[in-house]
Each structure stands twice: as C-alpha cells, then as structure tokens.
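Subject: Handing over the structure

Dear colleague,

I am passing this structure on to you, and I would be glad if you could read the notes below with the structure open beside them.

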Amino acid sequence: MPELVVTALLAPSRLTLKLLRAFMWSLVFSAALVAAAVYGCIAFTHVLCRPRRGCCGRPRSTPPACLSDPTLGEHCFLTLKSSGLRLHYVSAGRGNGPLMLFLHGFPENWFSWRYQLWEFQSRFHVVAVDLRGYGSSNAPQDVDCYTMDLLMMDIQDVILGLGGDTPIPGLASLTLPHLSLASHLHLFLCPSPPPRHRPGYSKCILVAHDWGALLAWNFSIYYPSLVERMVIVSAAPMSVYQDYSIRHISQFFRSNYIFLFQLPWLPEKLLSMSDFQILKTTLTHRKRGIPHLTPNELEAFLYDFSQPGGLTGPLNYYRNLFRNFPLEPQELATPTLLLWGAKDTYFEQGLVGAISSRFVPGRLEAHILPGVGHWIPQSNPREMHEYMWAFLQDLLD
C-alpha cells in the first residue's frame, strides 16, 4: 500500500491521540496549579508556626551515624554500562545465595531497606541501591534523564554488573561523606578485581516499594529473563494505576502530590521550606508516617535531600509520569508477592484487585495487611519477612 494512503488512513487516529494528550495535559496542569496553591498554604503555615527555621532548608554538613552502620553492609559504587553514571549501593552477604536487589521509593534512599538487609544477608546477596538522582548516586538535573526507559536500563546494568562488589575508590575521589575513616581505609586497602573481569548475575529477586515498585513492574515486563521473583510493596503498575484512577477519581485525590510535582522548581522550594517540614510530616505523621522513626533515622533521609539540588532528581521521576499517556494494558507473568497496607494513605485497596486481574493465573500471591499503612518495609518488617521467607523457600531448597 502506498505510503501516502497509509498516512491518510492513520491521520484520524493520530489526531485523536494528540487531542487526547492535549486534553490530559490541560487537566494535569490545572490540577498542578490547585495543588501548588494548597501545598503553598501548608508550607507558609509551617514557616509562620516555626519562624526561626526560615523559608529555606538547612543543609546538613554531617550525615547521621546510622548511615555508616557496618552491620548493614559495605558501601560501593557501580559504573553503569549504558549511561556511565555511578550508582551508590550497600551490599552484604555476597556468596551466600541469589542476588536480592532492593529498589526504594520517595522520599527515601537505600536506608529504607535496613531491616531487610539485616534479615536476608545470611541466605542471599542483598544489595540496596540509591537510584539515580538519590543519595550518593549521580544526579543529572535534566528531566529527560529520568524517563522510564533510562531507569529500567539502570536496573539492567546493576543486575548484570554485580558479579562482585566494587569498593569505593581512593579517599581523594570519595563522594560518600558518611563513611567512617575505618571504612575508608578498609575500602582503599582491600580492593576487588576491576568490574570488567567479573561476570554479572543472570537474574535476581527484585524487592521494591513505592517508586521502586513502579520501576520493578515495568522491568519485569520488558526484561522478564532478568527477574526470577518479585516482592512488590505498596504500588501498582502504571497502566493499572491509570485505568483504575480514571474509574475511581478518589485515587487522584489520594495522589494529589503528583500534580504539584509536575511543575518546575516550585515543588523543590515548597518541600524545603521550614527546614523540610512537609517531608518531615510525611515521614513522621502519627497516622500516615513511619511508626517509631527515630530522629537519627529521619535525618538519614533528610541529609541527602538537604544537599544542593538534592530534591530535583527525585522529583524528576514524577515529571515523567505522564509522558507516555495513554498506556496500553499489559499482562503480568513474573511470580510475584504483593504486600499492601489496608490503611495506605496514598493508594486505595481496590488497586490490589485491579492488579490481580492483569496476572497470569497462579503467578500472584497478594496479602493485605490489616491496620498497616504505606511504609511496610519499615513499619512492619517482621510480617514482611515472614511472607518473603515463605514465598522464596523453594529457591533456597
């Protein structure tokens, strides 16, 4: 068929899609302006109630001691083959079993997996990464550096590149300030072979929460051979979230912050006002936050966000959320353990049923934890570990 005829036949569909996207973006930015007004009032209220903190976040010069806890593992860097970026990760239990890779959410970092690093290092090689833009990993400022395709390639490079642990380079080039002098000397004096001489893993057990879980869902669809099992906590695939939210508008209200984050620079300013009070409230709120989070543990998250440009990379994830709208439904086939809090403030319980409807029968094991919120890996580690050991037992046998 001549190319001109094909173009003419496709023209109505292309026009419809363009109009649909234009309509979608008009709704998104309208919602963003409303969210900006609401969060602006919240931020200025915090400033008025705590005037000594001022309108800007206080940069932390010294990281909290918990970030250098040696029982959690060794701090390493991996240079990604596809992008050349360096990602920071914490590794423990190398040689003890299969690779178990942890992907964190927002506003968190590798430290959100501290309980799981302690629990599983005896039987697995556990690795908790700082995703690009977070913590001591490289953080390009351009929004286009945080597309889903690039983020999935990061995960692929991590799995294939983790044949062994690469110590942080010599002290002169060290970019991870929260390591002790003893850790510096150990890493400097005990080098591993260069990465190019080590084969990577061929697959992993992917454990992910919140934004990390969004990446994991997509990764299991496009790179299924690299994922043996998945443990997903408190997040749905983007296509499921899209379809569910269109039918249940209340979900959009629960996730209202995603609209604020579509705007340039303003979210960074609002989140940092009154010394990051909005983030503090998110993490420590009596009902919606992480129970029993100590001041030291809170600082483990705020330390990185308080550095210059520390919020831009994480928020750029959100700024790419609507890039590929509308999304096509996708079948899910990777054997998956799904854990969900019945009192999750940000995601409705109905999403669990929507996720189940997309799965190949027999591949999903889902559990809704009564009385539990969004932060299961930190708020309810014991229950999470029990479900994970049972789910992974046949791999260990």
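What follows is a short account of salt bridges, a helix pair and a surface patch.

Please keep in mind that this is a predicted model, in which local features need pLDDT of at least 70 and side-chain atom pairs count only at pLDDT 80 or more, while totals for chains, interfaces and linings use all residues. Residues are numbered from 1 along each chain as its sequence is written, and side-chain values use heavy atoms, with hydrogens and water left out.

Salt bridges come first in these notes. If a salt bridge is taken as a side-chain nitrogen of Lys or Arg within 4 Å of a carboxyl oxygen of Asp or Glu, the count comes to eleven. One of them joins the side chains of aspartate 144 and arginine 323, at 2.6 Å from N to O, and this pair links distant parts of the chain, 179 residues apart. Aspartate 144 sits in the loop between strand S4 (125–129) and helix H3 (148–161), whereas arginine 323 sits in the loop between helix H11 (312–318) and strand S7 (336–341); here helices (H or I, at least four residues) and strands (E, at least two) are DSSP runs, numbered from the N terminus. Aspartate 144 is partly exposed, at 43% relative accessibility, and arginine 323 is partly exposed too, at 39% (buried means under 20% relative accessible area, exposed over 50%, and partly exposed in between, with a 1.4 Å probe and protein chains only).

Another salt bridge, 2.8 Å from N to O, brings together the side chains of glutamate 268 and arginine 319. Glutamate 268 belongs to helix H9 and arginine 319 to the loop between H11 and S7, so the pair ties together parts that are 51 residues apart in sequence. Glutamate 268 is buried, with a relative accessible area of 13%, and arginine 319 is buried at 12%. In addition, Arg58, Arg60, Asp275, Lys280 and Glu299 are linked in a network of salt bridges.

Helix H9 (residues 266–284) also has a partner, helix H10 (residues 295–305): their axes, which are lines fitted to C-alpha atoms over the stretch in contact, come within 11 Å and cross at roughly 150°. That angle makes H9 roughly antiparallel to H10, a term used for angles over 145 degrees on a scale from 0 to 180 between N-to-C directions.

Finally, valine 38 lies in helix H1 (residues 3–49) and counts as partly exposed, at 44% relative accessibility.

Best wishes

How values were computed:
Angles under 35 degrees count as roughly parallel, over 145 as roughly antiparallel, 65 to 115 as roughly perpendicular and the rest as oblique.
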